[in-house]
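I am opening a notebook on a structure that is new to me, and I want to write down what I look up, one entry at a time.

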Amino acid sequence: MAKIILTGDRPTGRLHIGHYVGSLRRRVELQDSGEFDRIFVMIADAQALTDNADNPEKVRANITEVALDYLAAGLDPEKTTIFVQSHVSELTELSFYYMNLVTVQRLQRNPTVKSEIKMRGFSDSEDGSDNKAGIPVGFFCYPISQAADITAFKATTVPVGEDQEPMIEQTREIVRKFNSTYAPVLVEPEILLPDNAACLRLPGTDGKAKMSKSLGNCIYLADDAQTVRAKVKGMFTDPEHLQVSDPGHVEGNTVFTYLDAFCRDEHFRKFGNCFQGRKESFLFHNLDEVKARYRAGGLGDAMLKNFLAEVLEDTLGPIRERRAKFAADIPAVMEMLRKGSAEAKAVAGQTLEEVKRAMKINYFE
Ligand code: TRP
């Protein structure tokens, strides 16, 4: 069976380094591994509109931002089909048929949808007695549309963050239900989670659980070097590490979580001078040695943050340069998306035909 990847992002903001370590970096590795027959990466604008219906300008503006972030991170349109969800109308059509295979009760149990309803302040009372805005039906159904996204391309592998696990589980249920009710047309996908705990859910610079635009705790791929440095300087560390000589905590210390996600041994050869101060000087070869020293006491946060800033710049510098290069020719980016969307449409169209045949609604064939 062909090995096919499908994944995507909602275009509701520029992508940040949480997206990078949580998914973008992995996608580029998968793309370059040569192990997959086809790779599709989708800008999920239709899904973004399910809770941004009154803000189409925001979604529109972020189509190019996200496309630039993809190209900057190293996705290559020669190897990966990058496309826009709303321009593959087959996905909407599939969603409508899948809706018959899912109950309202099952959707209500989806933990990610549940927590998003809370986060967005939608009402969860049946009679509207809590005076909050109700849940848009489109939003409520987006896990079904996500199943359409995945199955339209017969994806076998879906690299996503752990918050997407319930979506993949629902997709698998829909596939089983469809295949047993009609005919074995659809493919059950596997989730591919980040392999490093720090990458699974990179905290915000304030140490809060997740990087999120609304919390203002993000480092964006488009941030310039100075901005990144300033954000690192202001980062949350260990509130009990008051004196340099105090023993410090590594767990729950955001600077260390970021180092876990970004730092490689070669960075100690490149940026070892960050640990050479006037008062204290250290020679480290790897992150474990730094952690041991921090726990024992004597290693200051300023040195550590200087090092982290260098490590981040080592990864983000080249991304920023590529982004600027692509941003200089937006019409070429749009043309890439247009071509990708046409390719995706052709593939999804084939699946839709098989689906209709299986459902016996191919009356005019
Ligand atoms: N829900 C995903 C997110 O919020 C975006 C998405 C839409 C997606 N359709 C998908 C991801 C299909 C993987 C597969 O990031």
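**Two helices in contact**

I started with a helix pair in this predicted model, and I noted that Tyr142, Pro143, Ile144, Gln146, Ala147, Ile150 and Thr151 in α8 meet Met167, Ile168, Gln170, Thr171, Ile174 and Val175 in α9. Sorting the residues of this contact of α8 with α9, I found 9 nonpolar, 4 polar and no charged.

I then looked up the geometry: the axes of α8 (residues 142–152) and α9 (residues 165–181) come within 9 Å and cross at roughly 70°. Because angles of 65 to 115 degrees count as roughly perpendicular, I entered α8 as roughly perpendicular to α9.

**Strands**

Next I turned to strand β2, which spans residues 38–43 and is mostly covered, with 5 of its 6 residues buried. I looked up its partners and found that β2 pairs with β1 (residues 4–9) in the parallel sense over 6 bridges, where Ile5 stands opposite Ile39 in β2. With β3 (residues 81–84), β2 also pairs in the parallel sense, here over 4 bridges, and Met42 stands opposite Phe83 in β3. I also noted that β1, helix α1 (residues 17–33) and β2 make a right-handed β-α-β unit.

**A loop residue**

Is Ser123, in the loop between α6 (111–119) and α7 (137–140), buried or exposed? I found a relative accessible area of 5%, so I recorded Ser123 as buried. Leaving aside neighbours within four places in sequence, I listed the residues in contact with Ser123 as Ile117, Gly128, Asp130, Lys132, Ala133, Gly134 and Ile135.

Note on methods
Residues are numbered from 1 along each chain as its sequence is written. This is a predicted model: local features need pLDDT of at least 70, side-chain atom pairs count only at pLDDT 80 or more; totals for chains, interfaces and linings use all residues. Side-chain values use heavy atoms; hydrogens and water are left out. Buried means under 20% relative accessible area, exposed over 50%, partly exposed in between (1.4 Å probe, protein chains only). Two strands pair if DSSP finds at least two bridges between them. A crossover is right-handed if, with the strands pointing away from the viewer, the path from the first strand over the helix to the second runs clockwise. Contact means heavy atoms within 4.5 Å. Axes are lines fitted to C-alpha atoms, for helices over the stretch in contact, and angles run from 0 to 180 degrees between N-to-C directions. Angles under 35 degrees count as roughly parallel, over 145 as roughly antiparallel, 65 to 115 as roughly perpendicular and the rest as oblique. Ala, Val, Leu, Ile, Met, Phe, Trp, Tyr, Cys and Pro count as nonpolar, Asp, Glu, Lys and Arg as charged, and the others, Gly among them, as polar.
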